[in-house]
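Trainee: Could we go through how the two chains meet? I'd like to hear the reasoning behind each label.

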Amino acid sequence: MTNPTSDALIQMINVDKFFGEFQALTNINLEVKRGEKIVICGPSGSGKSTLIRCINRLEEHSAGRIIIDGKELTDQVKDIDAVRREVGMVFQSFNLFPHMTIVKNLMLAQQLVRKIPKAEAHKTAMHFLERVKIPEQANKYPVQLSGGQQQRVAIARALCMKPEIILFDEPTSALDPEMINEVLEVMTDLAKEGMTMICVTHEMGFARSVADRVIFMDAGEIVEEAEPEIFFNSPKSARTKAFLSQILTH
Amino acid sequence: MSFDLSLITESIPKMLAGIGITFQLMFLSAVLGLILAVILLLMRISGKWYLSWPAQVHIYIFRGTPILVQIFIIYYGLPQFEFIRDSVFWPILREPFGCAVLALTLNTGAYVSEILRGGVLGVDRGVLEAGSALGLSARQKFIYLTTPIATRLALPAYSNDFISLMKATSLASTITLLDMTGIARTIVAQTFAPYEVFISLAIIYMILTWIIQKSFGRIEKYLSRYVNP
């Protein structure tokens, strides 16, 4: 199916998601333009992870439509694959392939999905390892790296696929405090280069400096959506205010 | 009672003449059993009931009955059916060796498929999600992510089963095969010295177990190189 109305890269129209009886997402409407940076925040269980996992079909939405760069997510495997090729994802727990060296982690999908020859895949892998500033770790196994380094590898692995969009699912939540900045720096650099990004995060400093829009979710709904200045200084909803006061004061 | 040491030194070389049969039974059943186990595993995790059920029935039957009984049923029971005597498998099933391999294969296949399933279930879901997010197909994920990781997870339990299989080959002696145990029984029948002969036999099996354990230990160490580099 074709894109009905807009030039948005991501369109979610009236999306609902149920886990059995439990409604995880209620009537989500979201448009993300090319190059936009969105930060999603909200209490745990508010559906923010579920929302971005629906975008690359790690979760299947129950109702509504999701259209990525003109391709609608349907049950067709080939549509899902087409979308996944354009959407990179970075997970809270890194999820590197533990049995492969770092450079192999970056090469695998290039070779299998993009059918890129080994030598070229290796070159691309090393290029992005340079960009996240850990080329010297190329031949180590994930377990030998710190959490911050592993997460930077995970970002590089997503970049190797030359995605249009990168989704970040709480990328710094599993990190020791001293490693959070090295990951946020890489993400900020990416943002500056114009990558379209959706980040679920509680790093409000990052949201303030990088996001074009901040979205607050609660109980499966988008409660508030605004530019960071407005979002942080004069939130409209009481729920947003309560949430912000909790995470900004401690 | 007396303990005749010379009988031990005499009977060990005789029993070792049967080690070839023991090895043949062990390796043939192990390889065929592993192939069967992978097929049963794929059937079980296929998500299709008409594949999963037969696999589960097979596993239930072969884990639920003694292997000695399985050997007897195959050796004494199958030739009763005319269609089996007429089939292409008859040359194999006519021989006690073929029956023993078949029984051991069906039995170890059931156990090993459960061991492999444990390994597959142990693969971190996040790793597979990362594979999906990068666009890998279900098949690619199974080959490049699940299989290598599950193999490492399943290996310790598999080495246990391999040792059980090695020892279970001794049951083939009950259907006239002259493996090491079969030869030992013949010697006992001639010498009336069960104590010396069976202790010698036990020692040989123990040494084999030790060798198998050490070999698997090495493979385990190799496969764990990325866990404890």
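Trainee: How much area do chain B and chain A bury between them?

Mentor: In this predicted model, about 2,000 Å², with 68% of it on carbon and sulfur atoms. On the chain B side, A133(B), L134(B) and Y226(B) lose the most area to chain A, together 32% of what that side buries.

Trainee: What makes E129(B) and R53(A) a salt bridge?

Mentor: Their closest N and O atoms are 2.5 Å apart. The cut-off is 4 Å between a side-chain nitrogen of Lys or Arg and a carboxyl oxygen of Asp or Glu, so the pair qualifies. The rule finds one salt bridge across this interface, along with five residue pairs in polar contact.

Trainee: Which helix gives the most to the side of chain B that touches chain A?

Mentor: That's α8(B), with eight residues.

Trainee: Why is α8(B) described as largely enclosed by the rest of the structure?

Mentor: Buried means under 20% relative accessible area. Seven of its nine residues are buried, so the description fits α8(B). Among them are V127(B), E129(B) and A133(B). The buried residues pack against α1, α2, β6 and α5 of chain A, together with α9 of chain B.

Trainee: How do you know that D124(B) caps the N-terminal end of α8(B)?

Mentor: A side-chain oxygen of D124(B) lies 3.2 Å from the backbone nitrogen of G126(B). Polar contacts are counted within 3.5 Å, so this one makes the cut. Just after the helix, G135(B) takes a positive phi of about 95°.

Key:
Residues numbered from 1 in each chain as written. Chains lettered and ligands numbered in written order. Predicted model: local features only at pLDDT ≥ 70, side-chain atom pairs only at ≥ 80, totals over all residues. Heavy atoms only, no water. Buried area = accessible area lost by both parts, 1.4 Å probe. Polar contact = N/O pair within 3.5 Å; in protein donor to acceptor, adjacent residues only side chain to side chain. Helix = DSSP H or I, 4+ residues; strand = E, 2+ residues; numbered from the N terminus. Buried < 20%, exposed > 50% of the residue type's maximum accessible area, 1.4 Å probe, protein only. Contact = heavy atoms within 4.5 Å.
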